[in-house]
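Got the viewer open? Load the model, colour it by secondary structure, and follow along one selection at a time.

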Amino acid sequence: MKKILFLFTLLVLTSSLAIGQVRQVSGTVTSQDDGLPIPGVSVSVKGTTIGVLTDENGKYVLSVNENAVLVFSFVGMKGQEIAVAGKESIDVIMLSDLQKLEEIVVVGYGTGKKVGTVVGSLTQVSSNTVAEKPVANVMDALQGKVAGLSVFTSSGEPTAVSSIRLHGSGSLAGSTTPLYVLDGIPIDQGTLLSLNANDYETVSILKDASATSIYGTRAANGVVYITTKRGTLDTKGK
């Protein structure tokens with residue numbers, strides 16, 4: 001009986017020691033690029049919700065089990081996992097996580113999206129295509145170049161304003177005219193008549209729901225986005 005009691009007491013003491021092996025770990029997190037401390041780094045115990053953030057000097061203090069694994073993470077830096085293994089001080093040097101940027105396409109007001117993630121229909125007509133057709137109204141030059149685009153001219157006068165429809169009429173009583181944007185600025189359709197078609201760099205047609213997400217309800221009938229030519233540096237100068 002005494003032997004059983006002794007073994008039970010020894011088991012309880014061993015378990016208490018195992019559970020009680022909690023130590024305080026501290027350290028400093030710095031950047032490899034400049035050697036400066038990084039504030040706001042997340043230092044957590046793997047598999048738990050226990051964690052802290054480094055202070056303005058990149059320092060942290062955390063009470064953990066000596067068999068725990070610390071996880072260091074920060075935006076723009078590669079995450080690290082380091083085992084405590086009985087250590088009381090763990091300093092970490094974090095590496096920058098550089099990623100190659102993918103090709104983007106400008107969809108309006110200077111915003112861009114990755115080419116592979118553009119949702120909707122975007123058709124672009126270059127200045128060469130516009131220049132091939134000797135017309136006074138650049139909209140007439142788009143006839144037959146954009147799928148779903150219809151150009152109607154009620155008069156044979158060169159300065160007559162053409163009616164544009166993208167995928168037909170979307171309203172019986174409301175306006176069916178698309179939104180015209182010149183270098184990021186919404187304009188009236190009549191303004192196009194005062195512009196030189198040779199000054200156009202590209203004419204982009206946005207004709208799906210993606211246009212509405214960029215320009216709001218004004219783009220319910222589509223968007224005609226015109227980009228004009230810009231000056232270039234002559235590297236072959238005298």
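Helices (H or I, at least four residues) and strands (E, at least two) are DSSP runs here, numbered from the N terminus. With that in hand, look at the whole protein chain: it has four helices and 16 strands. This is a predicted model, where local features need pLDDT of at least 70, side-chain atom pairs count only at pLDDT 80 or more, and totals for chains, interfaces and linings use all residues. Residues are numbered from 1 along each chain as its sequence is written, and side-chain values use heavy atoms, leaving out hydrogens and water.

**Stop 1: the whole chain**

Switch to a surface view. The accessible surface of the protein chain is about 15,200 Å², and 56% of it belongs to carbon and sulfur atoms; such areas come from the Shrake-Rupley method with a 1.4 Å probe, and for residues only the protein chains shown count as cover. Of the 238 residues, 31% are buried. Buried means under 20% relative accessible area, exposed means over 50%, and partly exposed lies in between (1.4 Å probe, protein chains only). Now think about contacts, meaning heavy atoms within 4.5 Å. Among the contacts with a separation of 6 or more, 51% are between residues 24 or more positions apart.

Next, colour by pLDDT, the predictor's confidence in each residue, from 0 to 100. The chain averages 74, and 64% of the residues score at least 70. Select residues 15-20: the pLDDT is below 50 there, and this stretch has one contact in the model beyond near neighbours in sequence. Then try residues 109-119, where pLDDT also stays under 50. For this second stretch the model has 22 contacts beyond four places in sequence.

**Stop 2: a sheet of four strands**

Two strands pair if DSSP finds at least two bridges between them. Select S3, S2, S5 and S6, and you have an open sheet in that order, with antiparallel pairing. Strands S3 (51-53) and S6 (80-83) stand at the edges with a single partner strand each, so one side of each has no neighbour in the sheet. From one strand to the next, the twist averages 20°. (Axes are lines fitted to C-alpha atoms, for helices over the stretch in contact, and angles run from 0 to 180 degrees between N-to-C directions.)

Zoom in on S5 (residues 69-73), which pairs with S6 in the antiparallel sense over four bridges. Phe72 stands opposite Gln80 in S6.

**Stop 3: two rings**

Keep Phe72 on screen. Rings of Phe, Tyr and Trp (its six-membered ring) pair if their centres lie within 6.5 Å; planes under 30 degrees apart count as stacked, over 60 as edge-to-face and the rest as tilted. How many aromatic pairs does this rule give? The count is one. Show Tyr60 next to Phe72: the pair is edge-to-face, 5.7 Å centre to centre, with 75° between the planes. Tyr60 is in strand S4 (residues 59-65) and Phe72 in strand S5, 12 residues apart. Tyr60 is buried at 3% relative accessible area, and Phe72 is buried at 0%.

**Stop 4: the loop after S6**

Follow the chain into the loop between S6 and strand S7 (92-94), and select Ala85. Is Ala85 buried or exposed? It is exposed, with a relative accessible area of 60%. Ala85 also has a positive phi of about 50°, although it is not a glycine.

**Stop 5: a strand with two faces**

In a regular strand the side chains alternate between the two faces of the sheet. Strand S11 (residues 149-152) has Leu149 and Val151 on a covered face, and Ser150 and Phe152 on an uncovered one. Add strand S12 (residues 163-166), which runs antiparallel to S11 and is joined to it by four bridges. Leu149 has Leu166 in S12 as its bridge partner.

**Stop 6: an enclosed strand**

Last, select S16 (residues 223-228). Six of its six residues are buried, so S16 is largely enclosed by the rest of the structure. Val223, Tyr225 and Thr227 point one way, while Val224, Ile226 and Thr228 point the other.

Which strands pair with S16? Strand S13 (residues 179-182) does so in the parallel sense over four bridges, with Leu179 partnering Val223. Strand S15 (residues 200-206) runs antiparallel to S16, joined by six bridges, and there Tyr200 partners Thr228.

Finish on Thr202 in S15, which is buried at 15% relative accessible area. Not counting residues up to four places away in sequence, Thr202 touches Gln124, Val125, Ser126, Tyr225, Ile226 and Thr227.
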